[in-house]
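Here is a short briefing on a protein structure. Take a look at the sequence and the model, then read on.

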Amino acid sequence: MPFLSSFIHNLTASPDEIRAENLCHWADSIPDAVPISEIRPRERTKVAGVIQNIRIDPRSGGSIEATITDGRGQLVARWLGRSELAGIRLGAGLVMQGVVGEQKGELSMLNPEYELVPSPEHG
Amino acid sequence: MSKAPVAMKRLLLGRPMASGELGHTLLPKVFALPVFASDALSSMSYASQEVLIVLVAAGTGALALGVPISLAVSFLLAVVIISYRQIVRAYPGGGGAYAVAYENLGTYSGLVVAGALLLDYVLTVAVSITAGADAIVSAASGLHEHKLSITIGLIGLVTFANLRGAKESARIFAIPTYGFVLSIFALVITGLLRCLDGCPQAESASLHPESHSLLTAFLVLKAFAAGTTALTGVEAIAEGVPVFRYPQSKNAATTLSILGVLSISMFIGVAWLADKTNVVYIHELEGQRTVIAQIANAVFGGGPMFYLVQIMTVLILILAANTAYTGFPVLASILARDRFLPRQLLNRGDRLVFSNGVLILAVFAVLLVYAFNADLNRLIQLYLVGVFISFTLAQFGTVVRWRRTREPGWQRSAAINAFGGLVTGVVLAVVVLTKFKTGAWIVLTAMPFLIFMMRSINRHYVSVLEELSAAERRPVDRRPGHQHMVVFVQKVDAASARAVGIVRSIRPNSLSAITVDPTLQSAWRRLAPDIPIEALPGGGSTADRIRGYLRTRRQDLEEDDFLTLVIPEILHRKGLIEIATRSHLHRLKAGLLREPGVQVMDVPLLRDDIDHTVDEAREPARNYVFVLVSSVQNATLQAIEYAETMRPTDLRAVSFGLDASETEQLGDLWLEARIPHPLEMEAAPFRDIGEAVVNYVNQFRPDGVERMVTIVLPEFVVKKAHHQILHGQTALLVKRRVLFEKGVVTVSVPYHLEH
């Protein structure tokens, strides 16, 4: 019975699975955003995700990275030569446009334009 | 983690909620009234009763004063409501009495209000649930002997519901609240109609208790003070302004007025009916029904309407108790944020409720109910002092605010608030005077104690923070750091071999080993001939001998050298039981943390992870070191310098679970401090830092042989052991969580404080 199996799923699903489902629903509501799992590298893409990790590296000119997740995959946005970025906070929603590169299995965007949007995790 | 306990917790408490789900929808007045006014309205169910209890001491003749006294109380209620309408205008962001007093009247006033409110919330639960139990046994008199159990059982139920957290509470509140209001109105109107033919008499009308005091002015004042119980709960609307629909202040003010009209009409109506039906209520008499029950019985003749009144009474009283379950933990969290209460009360748990706050409230409410044997009248004696303290200080605080901001029309508002404050101040004096012997003294002694405790907690946190941010560090900047390592050998086994590999890869300035078992020395020399081993001389416990050795070594070293004790251990199975059986090791490690100048590295190895085909003593090729940080202060800086001595493949600082504003703050502080290492801030959306750390670590795929992860944990150690409980349980949590993870080593780097 689908009801019973979804009840059991809700009981035993790990928090990460639940979170991934929430994020998928949210990301799907952003118009024209491509799910991270379906991105084709080296093409200009629009992608949306919630900021999961922020990395500030003060060495050699400085850089800031924000790793976003949309429940289906992760992508790293990198901005070089900057030491601060307005509004980049954990849990914020980011919508970015840019060319996606791939290095050692990791998807990334360099200096993309970005827009902050409300997300389910922005407390 | 096995699925069964997770499923159980999930079944009982519901699924974990992400921080972003906290956003609430704004309430229209029709739903806001039940949510915030249920406490105020519910006190109607016992206020008249309290007046009668006092008056009956002067004989049944005195009962006739019930209506005039109720009118006086209604006047007071009207004054307070008009005054609070100004407060909601002044504080559209929510005018909690604590915040109002703290900002406008100073720290001590704020603490006085905080203490009064905390006690009040506990009493709200105790009083409301006891009154609810009274209503139940009035409807079902067979349950009378079980009143205490019923009360405690109800508290348990409400606690459980609050641990779950209810998002749909606004609608749930509406039915009992309006049900209660309507049933009381029905009671009064029916009573009025029946009185046209001669009022029905209450069952106690024939009682003629002896009067044992004269009808003095003091007694009248005492009855008045008892009646003021009708005002409890009025301030809740002022705290809830942000939840109203726009225009928020105006809607909140209107809701206050509606509350006033409803309360006053219900109160006077019940008082009038009590007079006309000649209800007599004697406190000491066992098995009596409540005044409302008696009136309902007389007017409705014991039919279904009687039961309806009782049921609605119970329901609204439970709701009133529930408002304390929201108020207390929120206040405790605000006090924790301001560093007047331990930080364990600061954050929300799995269900976005402040679980610790809820549990503490429940425990104290149960203790109180048990101590007073669920006696409503005795509990109410404690209730009023706190209420009027916060009324008075909140109103005077708002006057100060009006004078400060001088918004248009401030003079009128300030005058209203000043008058209100004066009136409630006088009532406070009356309450203290008349109820001193019967219970107010308990509150007046508990409050200074609470205030003293909050002040000490604050002093402690503030002095710790000052020391951590002080420009002078002890010892000063250690770069380049010298590292001296000592391996404590309990057994020559795979864990020791792994420790050998690790310490060799670090290539410290000096490397040695110690043991308390001299027979191990030859096995050790075969394993690691390059690491000299020393058997510690006998005498005393293992911990003492190790400490003695470390102290001697410490004296030979420079002040800014690091001295690390490496403790390898084999773990037999995962789980809390394994941790519990190794308590001697934990005591050793905890004791070592308090030893100045010593750091402790844990090298755990799960027996199942031992690979016998591999040489455990091989040096790992990659060591990913990260320092767990949450702020930038002296303990953090020391830990980073320590991490630099680990010869890391990669070194970074990581913080978990910060909220949005903390992220920005930490980023700024990091750059200001010019620390030459990357900082990563990782989200922990379910606030489970342990899980977040494990997930983070796994990205490095540590296997313990080729690749390892070292987590460096800065900890600050306060001088007095009993203060330690106020601090960082995070380090302990992380250590426990990663204990069974493959290839992960933890190092505690304590920073010793003078305070």
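The points below go from one chain as a whole to single residues, a helix and the nonpolar cores.

This is a predicted model. Chain A has two helices and six strands. Chain B supplies a bent helix, α2(B), and the largest share of the largest nonpolar core.

**Chain A as a whole**

- Along the sequence, the elements of chain A run α-α-β-β-β-β-β-β.
- Chain A has 123 residues, and 46% of them count as buried.
- Take the contacts in chain A between residues at least 6 apart in sequence: 54% of these join residues at least 24 apart.
- The exposed area of chain A is about 6400 Å². Carbon and sulfur atoms supply 52% of that area.

**Two residues in one loop of chain A**

- Ile39(A) sits in the loop between α2 (15-28) and β1 (44-57) of chain A.
- Asp32(A) also lies in the loop between α2 and β1 of chain A.
- Is Ile39(A) buried or exposed? Its relative accessibility is 10%, so Ile39(A) counts as buried, the cut-off being under 20%.
- Asp32(A) has a relative accessible area of 65%, so it is exposed, the cut-off being over 50%.
- Leaving out residues up to four places away in sequence, Ile39(A) touches Val34(A), Thr45(A), Val47(A), Leu75(A) and Val100(A).
- One of these partners, Val100(A), is 61 residues from Ile39(A) in sequence. In space, their C-alpha atoms are 7.9 Å apart.

**Positive phi angles**

- Most residues other than glycine have a negative phi.
- Asp32(A) is not a glycine, yet its phi is positive, near 70°.
- Arg507(B) is not a glycine either, and its phi is positive at about 50°.
- Where is Arg507(B) found? It lies in the loop between α17 (494-506) and β2 (510-515) of chain B.

**Helix α2 of chain B**

- Helix α2 of chain B covers residues 29-42, which is 14 residues.
- From first C-alpha to last, this helix reaches 18 Å, close to the 20 Å expected at 1.5 Å a residue.
- α2(B) bends by about 55° at Phe36(B).
- Why is α2(B) described as largely enclosed by the rest of the structure? Because 11 of its 14 residues are buried.
- Among the buried residues are Leu33(B), Phe36(B), Ala37(B), Asp39(B), Ala40(B) and Leu41(B).

**Nonpolar cores**

- The largest nonpolar core has 153 residues.
- Which residues have the most contacts inside this core? They are Leu259(B), Ile295(B), Leu335(B) and Phe388(B).
- Helix α6 (residues 107-139) of chain B gives the largest share of this core, 16 residues.
- Leu259(B) touches Leu33(B), Ala37(B), Ala40(B), Leu41(B), Ile81(B) and Ile237(B), not counting residues up to four places away in sequence.
- Leu33(B), Ala37(B), Ala40(B) and Leu41(B) are among the buried residues of α2(B).
- A second, separate core has 64 residues. It includes Leu85(A), Val500(B), Met681(B) and Val712(B).

**A buried threonine in chain B**

- Thr645(B) is placed in the loop between α22 (634-644) and β7 (650-656) of chain B.
- Its relative accessibility is 9%, so Thr645(B) counts as buried.
- The side chain of Thr645(B) reaches the backbone oxygen of Tyr642(B) at 2.6 Å.
- Beyond residues up to four places away in sequence, Thr645(B) touches Gly481(B), Gln483(B), Ile506(B) and Phe562(B).

Key
Residues numbered from 1 in each chain as written. Chains lettered and ligands numbered in written order. Predicted model: local features only at pLDDT ≥ 70, side-chain atom pairs only at ≥ 80, totals over all residues. Heavy atoms only, no water. Helix = DSSP H or I, 4+ residues; strand = E, 2+ residues; numbered from the N terminus. Buried < 20%, exposed > 50% of the residue type's maximum accessible area, 1.4 Å probe, protein only. Contact = heavy atoms within 4.5 Å. Areas by Shrake-Rupley, 256 points an atom, 1.4 Å probe, with all protein chains shown as cover. Expected span 1.5 Å × (residues − 1). Bend = angle between axes of the 7 residues up to and from the residue. Core = buried A, V, L, I, M, F, W, Y, C linked by side-chain atoms within 4.5 Å. Polar contact = N/O pair within 3.5 Å; in protein donor to acceptor, adjacent residues only side chain to side chain.
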